[in-house]
Every structure is written in structure tokens, then in C-alpha cells.
Amino acid sequence: MNVPFLDLQYLTKAIRPELDEAYRRVMDAGWFIHGRECAEFEGEFASYIGIEHCIGVGNGLDALRMILLGYGIGAGDEVLVPSQTFIATWLAVSETGATPVPVDIDPKTFNIDPSLIEAAITTKTKAIMPVHLYGQPADMDPIMAVAEQYGLKVIEDAAQAHGALYKGRPCGSLGHTAAFSFYPGKNLGAFGDGGAVCTNNARLAEKIRKLSNYGSTRKYHHDQRGCNSRLDELQAAFLRVKLRYLNEWNECRREIAKSYGTVLPENIAPSIPEWAQPCWHLYVIQSGARDKIQKHLEANGVQTLTHYPIAPADQKAYQGQVFSLENGRRSAARCLSLPIGPHLSSGQIEHVCQTLKNCC
């Protein structure tokens, strides 16, 4: 049996009539940037996350970068980031001229370890950027507590956490501001790049809206050196359709995760704190025998991927800097992502479970 890791065509076919209607609506309107669809999506997504302001932007990296710029963070400043994450988290900091300072992760949850944050704070530290990696919520309460103690901003990288809950609260509503990505493979994915900034800070929201539109809120009047990073009308219209199905699709992912958890040994399966309700963007196991497990699964038709096999500190982009990040590097060497998502049939899920039983 063949079990693909991801099948975006499945979701497209499932809601094709609604997507076609959204496409026609945009084409008939003849308005493609900063129109009704984007404004409606921003309001609907803000309501879904439980915040006051949502600004649609070009991608998740831009969302993170513009939040930092909105807070005035730049050259000479430091931002605390997890040791293991997709490199966009680090790049956003670097692109402002600030320095990403890695804090090692909790090896069980893959997220930044709150107990290690205080030791990394210096007089240059301006913000903490926790990542809800793989759709698993970071432990936000202790992070917010240390941030308040030192007067730091907390910027959630929620690029993989659409619909994830922390103590019953949506990720993206937990820090001072949050960034989302709508890359096609995300739980809420567009048909191209897209992103959003979510915040309750009206002043910051206005800054980012201006920054993302050439530094302008009035045509041909540019108050600052901005950029072009806008969520277009067509992507917004498609995202409005998909948002209506997000909870249903996430629940499907949670059921698959439960099935996997029943057959995996405790030392291999993801560790889920009692306060977390992941949205399971990725289902990631870890094992010293990762390569053998991967080969066994693929020999039985189960496609897997590794997210992310090289920690940011070991990337060429950051060569020459010395970091002591044992857990992040260990995670990169041991992690394996199993197929998960609404595209999987019950038979495919059963096949993956049986194959895991045989090799784990």
C-alpha cells in the first residue's frame, strides 16, 4: 500500500466548488490587492485566534521580520530563539540587523526550554521568539513571566500552529504578537505564499500595515521606508474557504495522532504535556535508529520526511558562530515525520500503524 506524506490535491478536490466560487468572486470584482477579500479574511482569522488585529502579509518570514521592525528591534539588539526550528525564525532576526541568540530546546516537546531563558538574557536582549514547533504549543506562561520580569516582548512564531491550543487558549493569542504562515503545506495553507501578523496592539498593527505597503497608508505618501508584502485577494478568498474547515481537519489529525500513539513506544512517540492540544502540523517521532525506521517504512510504501535535519546553528548561513546546543542538534539527528492529515484513509492509517509495530 502506498501512503503519501502529503496530498494537497485531496483537500482541493474536497472543497473544489467553494474554491471555484471564491475564484469567480475575485475575478468578477476585478480588485486584486487590499480589497474586500483580504479585509474579510483578516477579520475572520482575528476572530478565530481571539485577537483584535490581523494584518495579511506576503509570507511568514515577512510577518516575523515586520513585527521585529515594528517594535524597533535592529542592529545591536538580541532576540532569544529556539535552538531547533525552521531557519526562518533565525533569519527574521538577522534581517533586521539584530542577533539571534539560541536557547536550547526541551528534548521532549522540541520547543524552547523556559528554564534556560533567563540565563541567556543580557542588556541587549529585546525579545523572546518561542516557536510552536510542529504545531505543539510552547510552554507560554513561564515564558511570559520571565519576559515581564525583564521587560521583553514575546513574539510567537505560530507558523505551524493554526488551531493549536495552550491551556485552552489559541496559539497566536498568548504572547504580545504572533506571526503565521499560510504556505501551502500548512494546516491552513494558501495556493502560494501568504502570512499574517496577529496582535491586540492597535499601534503596532498600524505600523505593520504601513510597513507592508511601501511605508504608506495614503497613496504616494510614504512615511517610512517600507516594503511590499501583502496578502493578495485571491489567496485571501481561498483562505476564507479553508478556514471554515480548519477545526474539522485538525480534529482528523488529532485522531490519527492518537492511533500512532497507541502503537509507538513511549521513548519514540511525541511527548504531549497535559496542557497542550497540538494541531499536529507534523507528527514527529525521534529515535537513534531513525534511518533504519525510515527505510523500513519506505520499503512498505510509507513516505516520511525529516524536519529539520540540520539545526540553524549548523547551517552555512551561521557558520563561524559557536553555540552549545546539545538538545537541538540531537533532535535534528533523531527526528522523523510520519504522514498525517485528512488525505489519509482508515486503511492507510492502519497500514502505517502496523508497519510501525513491526519495526519499533
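User: Which helices each supply at least two residues of the lining of the largest cavity?
Analyst: This is a predicted model, so keep that in mind throughout. The cavity in question has a volume of about 80 Å³, and 16 residues line it. Those supplying at least two lining residues each are helix H1 (8–14) and helix H10 (246–263).

User: Which residues lie nearest the centre of that largest cavity?
Analyst: The lining is a mix: it divides into seven nonpolar, five polar and four charged residues. Out of the 16 lining residues, the ones nearest the centre are Leu6, Asp7, Leu8, Leu11 and Arg253.

User: How many charged residues does the lining of the second largest cavity have?
Analyst: This one has a volume of about 60 Å³. Its lining includes Phe110, Leu133, Trp280 and Val284, along with Thr109 and Gln136. Asp, Glu, Lys and Arg are what count as charged. The split is eight nonpolar and two polar, and the charged count is no residues at all.

User: How many cavities of 30 Å³ or more are there?
Analyst: Rolling a probe the size of a water molecule over the atoms shows where empty space is left. With the cut-off at 30 Å³ or more, the count comes to three cavities.

User: On to the strands: which residue stands opposite Leu165?
Analyst: There's an open sheet of three strands, ordered E7-E6-E10 with antiparallel pairing. Its edge strands, E7 (169–170) and E10 (276–277), each pair on one side only. Strand E6 (residues 165–166) is joined to E7 by two bridges. Opposite Leu165, in E7, stands Pro170.

How values were computed
Residues are numbered from 1 along each chain as its sequence is written. This is a predicted model: local features need pLDDT of at least 70, side-chain atom pairs count only at pLDDT 80 or more; totals for chains, interfaces and linings use all residues. Side-chain values use heavy atoms; hydrogens and water are left out. Two strands pair if DSSP finds at least two bridges between them. Helices (H or I, at least four residues) and strands (E, at least two) are DSSP runs, numbered from the N terminus. On a 1 Å grid over the protein atoms alone, a cavity is a set of points where a 1.4 Å probe fits but cannot get out, and a pocket is an open set with protein on both sides within 12 Å along at least five of seven lines; lining residues have an atom within 4 Å of a point. Grid points are joined across faces, edges and corners, and a volume is the space filled by probe spheres set on the points.
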